[in-house]
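Work through the following exercises with the structure open beside you, and try each task yourself before you read its solution.

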Amino acid sequence: MEFRRINGLPPYVFAEINRLRDEARHAGEDVIDLGFGNPDIPSPPIAVEKLAEAARNPRNHRYSSSRGLPNLRLAMSNLYKRRFEVAVDPETEVVFTIGAKEGLSHLMWVLLGPGDTALVPSPSYPIHIYAPLFAGAEVRQVKLGPGQDFFANLEAAWEEAWPRPKVIVFSFPHNPTTECVDLAWMERIVDFARSKEVVLVHDFAYSDTYFDGYEPPSVLQVPGAKDVAVELYTLTKSFSMAGWRVAFAIGNAEVVGALTKLKSYLDYGTFQPIQIASIVALNEAPDYPKTVNAIYESRRDTLVDGLNRIGWAVHKPAGTMFVWAAVPEPYQEMGSLEFAKLLVTEARVATSPGVGFGAGGEGYVRFALVENEQRIGQAVRNLRRSLTKLG
Ligand SMILES: Cc1ncc(COP(=O)(O)O)c(C=O)c1O
């Protein structure tokens, strides 16, 4: 059969690593899985308790609100005021989404169609590349990472694209490169968007995952950003609520309104007890992200210090729950996929090959900090034993 939108998708390179991991596990081997960024830290206990209580009330078993309960949107608006000193109207500038991925994908549906173009960094979290493609639009990739001048690349991509791009998708702290930006960077991209009349979609998945005194800015902190920008804020990493599927699109009222309308046709919102428990997480456990962060920080230190000790030079990221590591020089010729395969089969450590995040990710592997410190320490020992060509 011919399928629309699916047939053109390239083979999922992460699936190959997962297959090798599963084979090794079936053979009784212990594989330390630092591949998929699936958080292992529990969600706030107070939210779990509220979820259980709300689930027992039959009134909450009916369809809920697609755009999110009013108090949930209000809790989000209060968070932006508290955290970023940004005023957002919970009625017109906030809409609930079923995770950032769903929000981003349907945002592309309302912003783009065949004949349109989006500018997307390379490497990128895969849905940033595929969501515009699913909407029928073209994607132009803009190189990001060590040694790249992102704004020069952005300007060049803009100049080369015709018709002119309508949307720029970006995300900082950045998955997978862990690059972080400051408010001046956000001002620059807002200026760019205003001058070119392009919509900014900022995926702020790592809004609360930061270390060493650095604080990630929201694009909405830039005065006037709401004229051109929407931001996705998710409870997935901040509150370690990945499976709950709770996120928001926040910002430009016209764009938020369009997404709200589309979603009113597509879904009935998330199960109401989940929305109620999310209100409790936001209002009554506002510091939970700090607890989550402290765990990621010590895992980061264990991994980065350990890798540097065994002769694999990597830097400490100031944000995200990842470590982005250049394939060590003696192994570079293999490419990131073959190297990641070697890490699973020889060292019993699963990572994500950089090429899975687009051509710009070649030459790197990504470690996700989703196992505990003892296991990460064990991963470093396994790597030292197996990577015999390290200096
Ligand atoms: C950049 C980025 N955006 C979005 C997500 C997924 O967010 P959600 O669970 O809210 O869909 C992730 C998860 O890894 C991510 O890294």
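**Exercise 1.** Decide whether D212 is buried or exposed in this predicted model, and then compare your reasoning with what you find for T320.

*Solution.* Begin with the cut-offs, by which a residue is buried under 20% relative accessible area and exposed over 50%. D212 has a relative accessibility of 54%, and therefore it counts as exposed. Next, locate D212 along the chain, where it sits in the loop between β6 (199–203) and β7 (229–234). Its backbone deserves a look as well, since D212 has a positive phi of about 60° although it is not a glycine.

Now turn to T320, which is placed in the loop between α11 (288–309) and β9. T320 is likewise not a glycine, and its phi is positive, at about 75°. Its relative accessibility, however, is 0%, so T320 counts as buried.

**Exercise 2.** Explain why strand β9 is described as largely enclosed, and find the strand with which it pairs.

*Solution.* First, take the five residues of β9, numbered 322–326, of which four are buried, so the strand is largely enclosed by the rest of the structure. Second, look for its partner, which is strand β12 (residues 364–368), and note that the two pair in the antiparallel sense over five bridges. Third, pick out one facing pair of residues, in which W324 stands opposite R366 of β12.

**Exercise 3.** Find which residues are closest to the ligand, and state how much of the ligand the protein buries.

*Solution.* Start with the surroundings: the ligand has 13 residues around it, and the closest are A100, D203, Y206, T236 and K237. Then consider the polar atoms one residue at a time. A backbone N or O atom of A100 is 2.6 Å from an oxygen atom of the ligand, while in K237 it is a side-chain N or O atom that lies 2.6 Å from a ligand oxygen. N175 also takes part, with a polar side-chain atom 2.7 Å from an oxygen atom of the ligand. Finally, the ligand taken alone exposes 400 Å², and the protein buries 93% of that area.

**Exercise 4.** Locate the cis peptide bond that follows N175, and the one that follows W162.

*Solution.* The bond joining N175 to P176 is cis, with an omega of about 15°, and P176 lies in the loop between β5 and α7 (183–196). The bond from W162 to P163 is cis too, with omega near 0°, and P163 belongs to the loop between α6 (150–160) and β5 (167–170).

How values were computed
Residues numbered from 1 in each chain as written. Predicted model: local features only at pLDDT ≥ 70, side-chain atom pairs only at ≥ 80, totals over all residues. Heavy atoms only, no water. Near = heavy atom within 4 Å. Polar contact = N/O pair within 3.5 Å; in protein donor to acceptor, adjacent residues only side chain to side chain. Areas by Shrake-Rupley, 256 points an atom, 1.4 Å probe, with all protein chains shown as cover. Buried < 20%, exposed > 50% of the residue type's maximum accessible area, 1.4 Å probe, protein only. Pairing = 2+ DSSP bridges.
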